[in-house]
Amino acid sequence: MNAPLHTNARTSRLPLRGLAPMVAIVALAVVISGQPAAAHGISGGGLGSGFLHPLLGSDHLLLLLGVGAAAASLSAQLLLWGLAGALAGGLYGGLGGGLPAAEVLAALAITAVAALVLRSQSSPTTNANAGLGLAGSVIATAAAIHAMLHGQAVPTEIGASSWWIGAMAASTLVAGGSYLVLRKQAAIWSQRLALGLALAGGLLAFAPVLG
């Protein structure tokens with residue numbers, strides 16, 4: 001019999017005090033979302049520029065936190081799904097590929113990843129393989145969309161290789177670090193983070209329309 005992806009031992013209800021971290025995350029998105037174009041632009045290549053690029057865009061940073069939370073709530077294998085999606089999306093974007101309304105899709109991808117975490121807390125999956133496959137597909141797709149935006153902006157000069165090394169290092173640091181922290185905490189912390197990310201993703205997606 002397949003084991004569930006997680007147990008209920010880490011699951012608990014969200015108290016009112018859990019709104020504080022959620023509000024903080026949304027506030028972060030509001031503050032940073034005023035300069036989305038700058039975050040996706042590249043003034044030069046190199047290791048340092050690549051390392052800072054995923055961190056300066058609110059949507060990229062929030063997605064990485066979401067991937068870490070999903071891995072902590074479901075399975076560490078989701079980090080590998082995210083890496084595979086990032087590599088595919090970065091290559092696609094670097095070759096000139098794109099998607100309509102890519103910025104909006106990138107923001108909604110944050111909400112989709114957050115929904116995975118919330119779903120894992122509320123309804124445990126009884127089929128580990130099927131549940132992990134679905135979660136992995138969502139994570140890989142979300143990472144691919146964001147990496148595609150990176151690929152479109154990456155410099156084409158000799159510094160491109162070091163730029164990608166820096167970008168992947170920063171992405172691994174945030175996603176892996178958040179996973180390591182959250183896996184040692186009660187499930188409520190992943191749930192709080194996911195609620196904030198879900199709201200932040202929606203805010204970033206509809207901010208241009210509302211503004």
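1. Let's start with I139, which sits in helix α7 of this predicted model. I139 has 0% relative accessibility, so it counts as buried, the cut-off being under 20%. Setting aside neighbours within four places in sequence, I139 touches V67, A70, L78, W81, G82, V113 and L116. One pair to look at on screen is I139 with A112: they are 27 residues apart in sequence, and their C-alpha atoms are 8.6 Å apart in space.

2. H146 is another residue of α7, the helix that covers residues 128-153. Is H146 buried or exposed? It is buried, at a relative accessible area of 3%. Its contacts, again without neighbours within four places in sequence, are D59, H60, L63, A106, A109 and I110. If you display I139 and H146 together, you will have V67 and A70 among the contacts of I139, and D59, H60 and L63 among those of H146; helix α4 runs over residues 58-73.

3. A word on the chain as a whole may help here. It has 9 helices and 0 strands, so to read the order of elements from the N terminus is to read α-α-α-α-α-α-α-α-α. Of the 211 residues in the chain, 47% are buried. Among contacts with a separation of 6 or more, 87% are between residues 24 or more positions apart.

4. Helix α4 deserves a look in its own right. With 16 residues, α4 reaches 22 Å from its first C-alpha to its last, close to the 22 Å expected at 1.5 Å a residue. How many residues of α4 are buried? The count is 15 of 16, and α4 is thus mostly covered.

5. Next comes α8, spanning residues 160-182. Its 23 residues should span 33 Å at 1.5 Å a residue, and the 33 Å between its end C-alpha atoms agrees with that. The buried residues of α8 are A160, W163, G166, A167, A170, S171, V174, A175, G176, S178, Y179 and L182. Several of these names return in the packing points below.

6. I would take α3 against α8 as the first packing pair. Their axes come within 6 Å and cross at roughly 40°. That angle makes α3 oblique to α8, and the crossing is right-handed. From α3 the contact uses L47, S49, G50, F51, H53, P54 and L55, and from α8 it uses S162, W163, I165, G166, A167, A169, A170, S171, L173 and V174. By class, these residues divide into 11 nonpolar, 6 polar and no charged.

7. Within that pair, H53 is a handy marker. H53 belongs to helix α3, residues 47-56, and is buried, with a relative accessible area of 3%. Which distance goes with H53 and A170? Their C-alpha atoms are separated by 8.4 Å, although the two residues are 117 apart along the chain. A170 is itself one of the buried residues of α8.

8. Helix α4 also packs on α8. The two axes come within 7 Å and cross at roughly 40°, and α4 and α8 are therefore oblique to each other. Here, too, the crossing is right-handed. L61, L64, L65, V67, G68, A69, A71 and A72 of α4 meet S171, V174, A175, S178, Y179 and L182 of α8. The contact divides into 11 nonpolar, 3 polar and no charged residues. V67 takes part in this contact with α8, and V67 is also listed among the contacts of I139.

9. For α5 (residues 77-94) and α8, the axes are 11 Å apart and the packing angle is about 155°. The two helices are therefore roughly antiparallel. This crossing is right-handed. L79, L83, L87 and G90 of α5 meet W164, M168, A175 and Y179 of α8, with 7 nonpolar, 1 polar and no charged residues in the contact. A175 and Y179 face α5 in this list, and both also appear in the contact of α8 with α4.

10. Finally, a backbone point worth checking by eye: A101. Its phi is near 50°, a positive value in a residue other than glycine. Where is A101 placed? It lies in the loop between α5 and α6, the latter covering 102-122. A101 is exposed, at a relative accessible area of 51%.

Technical notes. Residues numbered from 1 in each chain as written. Predicted model: local features only at pLDDT ≥ 70, side-chain atom pairs only at ≥ 80, totals over all residues. Heavy atoms only, no water. Axes fitted to C-alpha atoms, helices over the stretch in contact; angles between N-to-C directions. Helix = DSSP H or I, 4+ residues; strand = E, 2+ residues; numbered from the N terminus. Parallel < 35°, antiparallel > 145°, perpendicular 65-115°, else oblique. Left-handed = near helix turned anticlockwise from the far one by under 90°. Contact = heavy atoms within 4.5 Å. Nonpolar A, V, L, I, M, F, W, Y, C, P; charged D, E, K, R; others polar. Expected span 1.5 Å × (residues − 1). Buried < 20%, exposed > 50% of the residue type's maximum accessible area, 1.4 Å probe, protein only.
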